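Please look over the sequence and the model below before reading on. The text after it goes through the structure step by step.

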There are 2 protein chains.
Amino acid sequence: MRIGDLAKRAGTTTRTLRFYESQGLLSAQRSPNGYREYGEEEFRLVREIQMLQSIGFSLDDTRPFVECLRTGHESGDDCADSIETYRRKLAEVDACLERLSAARESLVGKLTEALARQPSPCEVGDRIAARLDDERAPQP
Amino acid sequence: MRIGDLAKRAGTTTRTLRFYESQGLLSAQRSPNGYREYGEEEFRLVREIQMLQSIGFSLDDTRPFVECLRTGHESGDDCADSIETYRRKLAEVDACLERLSAARESLVGKLTEALARQPSPCEVGDRIAARLDDERAPQP
DNA sequence: ATAGACCTTGACGTTGACGTCAAGGCAAGC
DNA sequence: GCTTGCCTTGACGTCAACGTCAAGGTCTAT
């Protein structure tokens with residue numbers, strides 16, 4: 001499997017795969033003509049990286065999992081370092097959730113405050129205003 | 001008030017204030033010697049920017065608020081554009097919270113799975129293993 | 001008069017995960 | 001033999017919000 005095939009199968013680009021290699025995450029055999037050759041193991045490795053990225057891992061965070069697979073383990077999280085990384089990322093995600101929730105509350109508060117100060121020309125507001133006008137100056 | 005004073009009062013750096021100016025967010029009077037001169041209005045503006053940033057606004061997102069203040073309104077969110085930005089950011093924050101919660105669930109699932117597969121050398125495990133050893137080879 | 005603390009503009013560096021070219025080599029079909 | 005489509009390396013570009021440094025001007029205190 002050449003780099004274009006792997007990229008297509010993994011739904012990514014050749015540039016990304018070469019970048020992974022430059023970061024020491026992916027390795028490749030070389031054909032006599034210098035082309036990179038990949039097997040199923042590399043495909044699984046790329047998918048592991050993608051899956052971890054999708055749950056908020058940086059490329060560097062995926063390193064323990066890649067190392068784990070490389071040392072022959074069936075799953076990337078069959079190693080202590082991977083478990084530790086899971087724990088650390090979970091803590092990070094929790095911290096992020098807290099900060100984001102606080103930001104959300106703050107934002108909701110500001111929005112409602114601003115809306116209260118400035119009733120804004122919404123339909124309901126218009127109709128209420130119109131009715132008040134009618135009451136003050138009823139049509140003959 | 002010169003740029004260093006404003007930076008100190010706002011708890012930021014002169015570089016940041018000049019950057020705001022380069023982005024059209026902050027304006028300054030100039031002393032005869034070319035130094036920037038700021039008043040209380042600029043101080044409030046910087047604080048508004050900082051507050052919005054702290055709840056997840058990009059600098060560009062703060063622009064409507066800055067414009068609103070500049071057009072004479074008391075509060076930065078006394079304008080329709082600011083309200084609209086509030087709404088948009090709230091939607092963004094909500095989307096982010098959803099993605100993060102999903103990532104968290106995924107992470108928790110993976111962690112528990114991995115722990116189940118690999119009981120890991122925790123103290124309890126060690127003690128259980130030791131006891132099993134004792135039972136199989138009791139001391140005389 | 002000189003040191004020190006401020007200020008000016010300008011320009012390059014940082015971080016992450018690639019995108020986008022450029023210049024050239026290899027292989028297959030017409 | 002020529003086009004087409006893949007591949008190679010290398011190097012610069014992207015985005016945000018500044019940090020950091022350079023070279024120089026200004027003001028105050030000693």
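The paragraphs below treat the two protein chains, then a pair of helices, then the DNA. The model is a predicted one.

Start with how the two chains are related. A turn of 180 degrees, with a shift of 0.0 Å along the axis, lays chain A on chain B with an RMSD of 0.0 Å. That is the relation of a two-fold axis. Both copies use the same surface, as 100% of the contact residues of chain A recur in chain B. Within chain A, the residue that comes closest to the rotation axis is A:Leu97, whose C-alpha lies at 3.4 Å.

Next, consider the contact between the chains: 25 residues of chain A touch 26 residues of chain B. On the chain A side, 14 of these residues are nonpolar, five are polar and six are charged.

Now look inside chain A. Two packed helices are described by the angle between their axes and the distance between the axes. For helix 3 (residues 40-54) and helix 4 (residues 63-70) of chain A, the angle is about 155 degrees and the axes are 10 Å apart. Angles over 145 degrees count as roughly antiparallel, and helix 3 and helix 4 of chain A are therefore roughly antiparallel to each other. Their crossing is right-handed. Helix 3 of chain A contributes A:Leu45, A:Glu48, A:Ile49 and A:Leu52 to the contact, while helix 4 of chain A contributes A:Phe65, A:Val66 and A:Leu69. Six of the residues in this contact are nonpolar, none is polar and one is charged.

Last comes the DNA. Which residues are closest to DNA strand C? They are A:Ser58, A:Leu59, B:Arg2, B:Gly4 and B:Arg36, among 17 residues that surround the strand. Two or more residues each come from helix 2 (14-22) of chain A and from helix 1 (3-10) and helix 2 (14-22) of chain B. The surface near DNA strand C has four nonpolar, seven polar and six charged residues.

How values were computed
Residues are numbered from 1 along each chain as its sequence is written. Chains are lettered from A and ligands numbered from 1 in the order in which they are written. This is a predicted model: local features need pLDDT of at least 70, side-chain atom pairs count only at pLDDT 80 or more; totals for chains, interfaces and linings use all residues. A residue is near a molecule or strand if its C-beta atom, placed from the backbone, lies within 6 Å of it. Helices (H or I, at least four residues) and strands (E, at least two) are DSSP runs, numbered from the N terminus. Ala, Val, Leu, Ile, Met, Phe, Trp, Tyr, Cys and Pro count as nonpolar, Asp, Glu, Lys and Arg as charged, and the others, Gly among them, as polar. Two residues are in contact if their C-beta atoms, placed from the backbone, lie within 7 Å. Copies are superposed by least squares on the C-alpha atoms of residues with pLDDT of at least 70 in both. Axes are lines fitted to C-alpha atoms, for helices over the stretch in contact, and angles run from 0 to 180 degrees between N-to-C directions. Angles under 35 degrees count as roughly parallel, over 145 as roughly antiparallel, 65 to 115 as roughly perpendicular and the rest as oblique. A crossing is left-handed if the near helix is turned anticlockwise from the far one by less than a right angle, and right-handed if clockwise.
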